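Trainee: I am new to this structure and should like to learn why its parts are named as they are. May we begin with the terms that are needed?

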Protein chains: 2
Amino acid sequence: MAKKSARGRSTKPSLKDVAKLANVSVMTVSNVINLRMARVGDEVAARVREAIRELDYRPQRSGRSLRLQREFALGLTVLHPDHRFLDDPYITQVAAGMSNYLATIGYSLVVNGLRNMEALDTLMERSFGYDGFAVMVSGEREQRLQVYHTLARLNLPMVVVQDDPPPDLPEISSVRQDDGAGAGMLVERLLQKGAKRILFAASRQIWPAMERRAAAAAAAAGNRARIDYLSCSEDDFEASIGQIESWLRAHPNADAVMGGNDQLGLAAMQAAERCGLSVPGDLMITGYNAFLFQKFSKPTLCSVASPAYEIGQEISKILIGLIKDERAGPHHLMMPVNVVEGGSIG
Amino acid sequence: MAKKSARGRSTKPSLKDVAKLANVSVMTVSNVINLRMARVGDEVAARVREAIRELDYRPQRSGRSLRLQREFALGLTVLHPDHRFLDDPYITQVAAGMSNYLATIGYSLVVNGLRNMEALDTLMERSFGYDGFAVMVSGEREQRLQVYHTLARLNLPMVVVQDDPPPDLPEISSVRQDDGAGAGMLVERLLQKGAKRILFAASRQIWPAMERRAAAAAAAAGNRARIDYLSCSEDDFEASIGQIESWLRAHPNADAVMGGNDQLGLAAMQAAERCGLSVPGDLMITGYNAFLFQKFSKPTLCSVASPAYEIGQEISKILIGLIKDERAGPHHLMMPVNVVEGGSIG
DNA sequence: CTGTTAGCGCATTCAA
DNA sequence: TTGAATGCGCTAACAG
């Protein structure tokens with residue numbers, strides 16, 4: 001049971017308490033805990049374990065961290081103006097992948113949601129609680145670069161997610177999914193089905209990955225089809241529908257709408273219905289990053305499966321590697337993607 | 001710039017380094033950093049700040065934590081068999097609410113996703129990195145109680161989310177939303193519109209809150225309507241649709257389906273369509289916890305707005321209060337909910 | 001206003 | 001095989 005001091009404040013037991021109870025030195029206890037059994041006799045070890053159990057002792061992270069100069073945690077920093085930043089399923093999948101991998105090696109995940117640059121500055125002044133971290137940033141490239149530069153000053157292993165790291169900071173690693181290929185595959189299917197005029201509906205809030213999808217779609221289409229670009233207020237679903245609907249009414253010759261993500265694909269489905277267009281007969285629709293929503297529509301959305309969860313795991317492995325071997329160079333990982341079939345393109 | 005040792009390993013600067021550069025004692029630097037300006041002269045403070053800037057010094061959390069016996073972080077522990085535990089929008093909203101509140105006071109959020117009791121035991125052996133934590137557990141009440149009892153041994157401020165804490169552990173706090181009232185309001189509306197036979201479609205994975213909703217719905221209906229109960233495999237959307245569809249075909253006199261959450265409400269929408277039932281004409285449908293999805297269907301789902309984000313904030317406030325004043329008793333907070341209108345009940 | 005001392009819990013190093 | 005000494009970075013308490 002926890003020790004209580006005179007004032008009634010319960011204090012956690014330390015190595016010293018265990019050592020006293022087991023009648024050994026603190027080092028012996030430390031050795032037992034860290035499984036250095038070669039250095040401890042069997043019966044002594046048993047006595048120590050009994051004392052640990054009796055006191056309900058658990059090593060205190062702060063002492064260990066101070067001594068070893070390791071925090072035994074990784075960070076996930078998200079810079080995004082929406083305060084409900086974890087609404088984004090991509091972010092949550094990355095976080096889940098990191099958390100689950102880290103749990104297997106006794107590490108923790110520290111999540112930081114920042115709404116603007118000021119919050120970042122505040123964060124920078126404080127100490128952190130991790131040995132390395134991943135960053136996901138929305139906004140213009142210029143601003144993203146500024147964020148990366150700021151965070152690089154922490155001098156900690158760092159992975160940029162779904163973006164190109166700054167060329168002038170070669171130490172930074174990156175992990176992305178192959179959104180160029182994914183968008184290309186979707187466009188190819190639309191072209192095969194005769195699409196000549198396509199709308200790419202992106203979110204108003206800029207994510208680098210979505211820009212890459214739009215660019216890759218345009219490149220894949222070449223001069224075989226025309227691709228227009230529409231920026232939608234993704235956070236307001238109703239508004240997105242309205243914007244796509246307006247565009248569809250203004251462009252009755254459109255053959256397809258590519259949603260920058262599945263939410264926008266679903267918005268396009270409803271916009272089509274409001275315009276009296278049948279899917280996929282009158283209008284084909286695709287989404288991107290098939291998470292929960294992909295099946296919510298009828299017909300099901302044709303989309304691209306995102307390995308966001310696996311990306312979270314890979315990020316962790318890379319960071320742990322960089323922490324263990326400081327000499328290791330930066331990693332740049334590109335995860336493959338594949339199309340998820342759906343009735344929305346026929 | 002970061003100091004480099006002979007081996008090329010970069011080492012973080014410490015108070016001592018700053019003190020040396022500024023020609024003051026470490027305590028003076030500490031006082032400047034902690035804004036104890038009454039104890040430091042203006043020009044000395046300026047000199048110290050200059051040194052901090054020059055060395056890019058940042059206080060190291062581990063030293064501070066060790067000295068003050070505080071981790072400056074809160075934990076969020078989720079025990080749920082699905083490894084993508086953060087797929088649940090309720091959990092992510094709670095996490096976002098916690099993270100954003102904590103950012104304002106310089107605390108961090110540590111996320112722990114556990115898939116089973118073994119993972120919990122592993123976690124219990126290690127040291128943690130937080131001063132208090134919130135718990136969200138799915139599964140049977142018996143198993144949940146076991147989890148709470150295990151975690152209580154950490155002897156840390158603890159908040160149970162969306163569940164009753166164990167009666168024999170009066171120290172544990174709790175925060176819930178008033179799901180009884182929410183379910184009651186939905187039932188009342190259905191009854192007003194003449195519903196006599198209602199299906200409550202719950203997820204196969206048991207969440208205490210969903211059980212409360214089902215119980216409250218039955219209680220509210222009394223003998224005015226019959227409420228059946230169906231357990232759906234929520235993780236597989238297609239399977240959920242199939243299960244609800246089967247039930248609807250077997251019970252053609254059903255008037256309404258209450259989804260235990262919005263995902264299940266959406267599944268019911270599709271099941272209705274497959275049965276050739278129009279919504280709300282032939283069948284009324286409700287959801288629960290209106291997050292992103294609530295607007296994804298047509299007609300829009302009638303649901304109950306969840307204050308999950310606010311719950312996250314309240315959890316943090318409660319925990320911080322308990323950490324600051326150990327004498328404070330447990331808190332038990334019940335957050336009100338309200339209905340979100342939608343065309344799915346007419 | 002500034003400096004000195006001491007010790008938080010732990011693991012590396014060295015001594016027995 | 002076990003123990004003792006040392007110091008990681010920081011701040012409360014006290015001394016000047």
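Mentor: Two strands pair if DSSP finds at least two bridges between them. Helices (H or I, at least four residues) and strands (E, at least two) are DSSP runs, numbered from the N terminus. Residues are numbered from 1 along each chain as its sequence is written, while chains are lettered from A and ligands numbered from 1 in the order in which they are written. The model is predicted, with local features requiring pLDDT of at least 70 and side-chain atom pairs pLDDT 80 or more, whereas totals for chains, interfaces and linings use all residues.

Trainee: How do you know that β4(A) and strand β4 of chain B pair?

Mentor: DSSP must find at least two bridges, and here 3 bridges join β4(A) to β4 (residues 108-114) of chain B, so the two strands pair. They run antiparallel. In this arrangement A:Val110 stands opposite B:Val110 in β4(B).

Trainee: To which sheet do β4(A) and β4(B) belong, and what makes a strand of it an edge strand?

Mentor: They belong to an open sheet of 12 strands with mixed pairing, in the order β13(A)-β7(A)-β6(A)-β5(A)-β3(A)-β4(A)-β4(B)-β3(B)-β5(B)-β6(B)-β7(B)-β13(B). An edge strand pairs on one side only, as do β13 (332-335) of chain A and β13 (332-335) of chain B. Neighbouring strands are turned against each other by 20° on average, direction ignored.

Trainee: Why is α4(A) called oblique to α4(B)?

Mentor: Helix α4 (residues 61-68) of chain A packs against helix α4 (residues 61-68) of chain B at about 140°, with the axes 8 Å apart. Angles under 35 degrees count as roughly parallel, over 145 as roughly antiparallel and 65 to 115 as roughly perpendicular; about 140° is in none of these ranges, and therefore α4(A) is oblique to α4(B).

Trainee: Which residues make that contact, and how do they divide?

Mentor: A:Ser62, A:Gly63, A:Ser65 and A:Leu66 of α4(A) meet B:Ser62, B:Gly63, B:Ser65 and B:Leu66 of α4(B), contact being C-beta atoms, placed from the backbone, within 7 Å. They divide into 2 nonpolar, 6 polar and no charged. Gly counts as polar, so A:Gly63 and B:Gly63 fall in the polar group.

Trainee: How many residues take part in the whole contact of the two chains?

Mentor: Chain A gives 53 residues and chain B gives 53 residues. On the side of chain A that touches chain B, α5(A) gives the most, with 7 residues. That side holds 20 nonpolar, 18 polar and 15 charged residues.

Trainee: What makes a residue part of the surface near DNA strand C?

Mentor: Its C-beta atom, placed from the backbone, must lie within 6 Å of the strand. DNA strand C is surrounded by 25 residues, and the closest are A:Leu15, A:Gly63, B:Ser25, B:Arg39 and B:Gly41. α4(A) gives the most to this surface, with 5 residues.

Trainee: Which residues are closest to DNA strand D?

Mentor: Of the 25 residues that surround DNA strand D, the closest are A:Ser25, A:Gly41, A:Val44, B:Leu15 and B:Gly63. Here α4(B) provides the largest share, 5 residues. The surface near DNA strand D divides into 13 nonpolar, 8 polar and 4 charged residues.

Terms used: Axes fitted to C-alpha atoms, helices over the stretch in contact; angles between N-to-C directions.
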